[in-house]
Amino acid sequence: MKKIISVLLVAVLALGVVGLAGCGKEADTQKVVASIDDLPGAKIGVQLGTTGDIFASDYEEEGSTVERYSKGADAVIALSSGKIDCVIIDNEPAKAFVAVNDDLKILDDPFAVEDYAICVAKDNSQLTADINKALAELKSEGVVDQIIKNYIGDDTKGTCPYVSPENVDRSKGELHMATNAAFEPYEYMGEGGNVEGIDAMLALAICDKLGYSLVIDNMEFDSIITAVTQGKADFGMAGMTVTEERKESVDFTDSYTTATQVIIVKK
């Protein structure tokens, strides 16, 4: 009997050692990100080609590893499973992700503030001017604020959608909008299989002003500017930040909203 107990005791101790070794290994690979100051040396998840990707790249020189995903949701899944230490992404999509992931939170301090605008090919300056004119009218009429409030705000969400006027003129044909429908509430796939969100609704309002029908082409985010420059789409709209690097390839309209980049971490 004593021999059996001794064997069991050795087995239990062995398991404990293995468990402790495993814990030690996990601790070595995890980094707590409690503020922006903790980003150097962290494993940062981003959506490929986004502003978060651009900003996070600066930290690679400080020892950070940037993991790039085709969708923001994939980066969030990686964070939940412990493969990365944080995710840098826009505030509104971040709130949507955190709402359905109890183990995650958004750090209080914003990472960066940015302006969203519509990208247009450099050789299509007339369309840029036309969109700017339509945007100015929609802003003065309160339509831009109405659309944003329809998707953002506890008291107004879903209560004030934009509806095209009756007998709207669409005689000029189609305008194709390139987007990435994985960026709620700016663009996402609705229950009916159509792209919905702030950008989709605002694009519709712009097309109504200009006399076009709107066609939305869903693609990977980092393909949008290429689609616009190659003439496969007339404009790109996907919560896209105006940056000097992007301005080398495309022109941007006036900004239609200001957004914030934030950091998602585990609670």
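Analyst: Let's fix one word first: buried means under 20% relative accessible area, exposed means over 50%, and partly exposed is anything in between, with a 1.4 Å probe and protein chains only. The model is predicted, with local features needing pLDDT of at least 70 and side-chain atom pairs counting only at pLDDT 80 or more, while totals for chains, interfaces and linings use all residues. Residues are numbered from 1 along each chain as its sequence is written, and side-chain values use heavy atoms, with hydrogens and water left out.

User: Okay, try that on a residue. Is threonine 243 buried or exposed?

Analyst: Threonine 243 has 15% relative accessibility, so it counts as buried. Its place is the loop between β12 (235-236) and α9 (244-247). Those labels are DSSP runs numbered from the N terminus: helices are H or I with at least four residues, strands are E with at least two.

User: And what does the side chain of threonine 243 reach?

Analyst: A polar contact is a pair of N or O atoms within 3.5 Å; within protein, one must be able to donate a hydrogen and the other to accept it, and residues adjacent in sequence count only if both atoms are side-chain atoms. Here the threonine 243 side chain reaches the backbone nitrogen of arginine 246 at 3.2 Å.

User: Now a loop residue again: how does aspartate 222 count?

Analyst: Aspartate 222 counts as partly exposed because its relative accessibility is 40%. You'll find aspartate 222 in the loop between β11 and α8 (224-229).

User: Which residues is aspartate 222 in contact with, leaving aside neighbours within four places in sequence?

Analyst: Contact means heavy atoms within 4.5 Å. With those neighbours set aside, aspartate 222 touches Leu48 and Gly49. The C-alpha atoms of aspartate 222 and glycine 49 are separated by 4.9 Å, although their positions lie 173 residues apart along the chain.

User: How do I read a sheet, and in what order do the five strands of the open sheet come?

Analyst: Strands of a sheet pair through backbone hydrogen bonds, either parallel or antiparallel. Two strands pair if DSSP finds at least two bridges between them. This open sheet runs β11-β7-β12-β6-β13, with mixed pairing. The edge strands, each pairing on one side only, are β11 (213-218) and β13 (250-252). Inside that order, β7 (residues 174-179) and β12 run parallel and are joined by two bridges, with methionine 177 opposite phenylalanine 235 of β12.

User: Which strands join β14?

Analyst: Take them one at a time. β3 (residues 86-90) runs antiparallel to β14 over four bridges, and isoleucine 88 stands opposite isoleucine 263. β4 (residues 104-106) is also antiparallel to β14, over three bridges, and leucine 104 has lysine 266 as its bridge partner. β5 (residues 112-116) makes five bridges to β14, again antiparallel, with glutamate 114 facing alanine 259. As for β14 itself (residues 257-266), seven of its ten residues are buried, leaving the strand mostly covered.

User: On to helices. Which strands does α7 lie across?

Analyst: Axes are lines fitted to C-alpha atoms, for helices over the stretch in contact, and angles run from 0 to 180 degrees between N-to-C directions. Helix α7 (residues 198-210) lies across β7, β11 and β12, at about 150° to β11. Helix α5 (residues 125-140) lies across β6 (119-121), β7 and β13, at about 150° to β6.

User: What span should α7 have?

Analyst: The expected span is 1.5 Å times one less than the number of residues. For the 13 residues of α7 that gives 18 Å, and its end C-alpha atoms are 18 Å apart, which agrees. α5, with 16 residues, reaches 23 Å against 22 Å expected.

User: Why is α7 called largely enclosed?

Analyst: Eleven of the 13 residues of α7 are buried, so the rest of the structure largely encloses the helix. Among them are Ile198, Met201, Leu202 and Ile206. Glycine 211, just after α7, takes a positive phi of about 90°.

User: And which residues are buried in α5?

Analyst: An α-helix has 3.6 residues a turn, so residues three or four places apart point the same way. In α5 the buried ones include Leu127, Ile131, Ala134, Leu135 and Leu138. The buried residues of α5 pack against β6, α6 (143-151), β7, α7 and β13. Just past α5, glycine 142 has a positive phi of about 80°.
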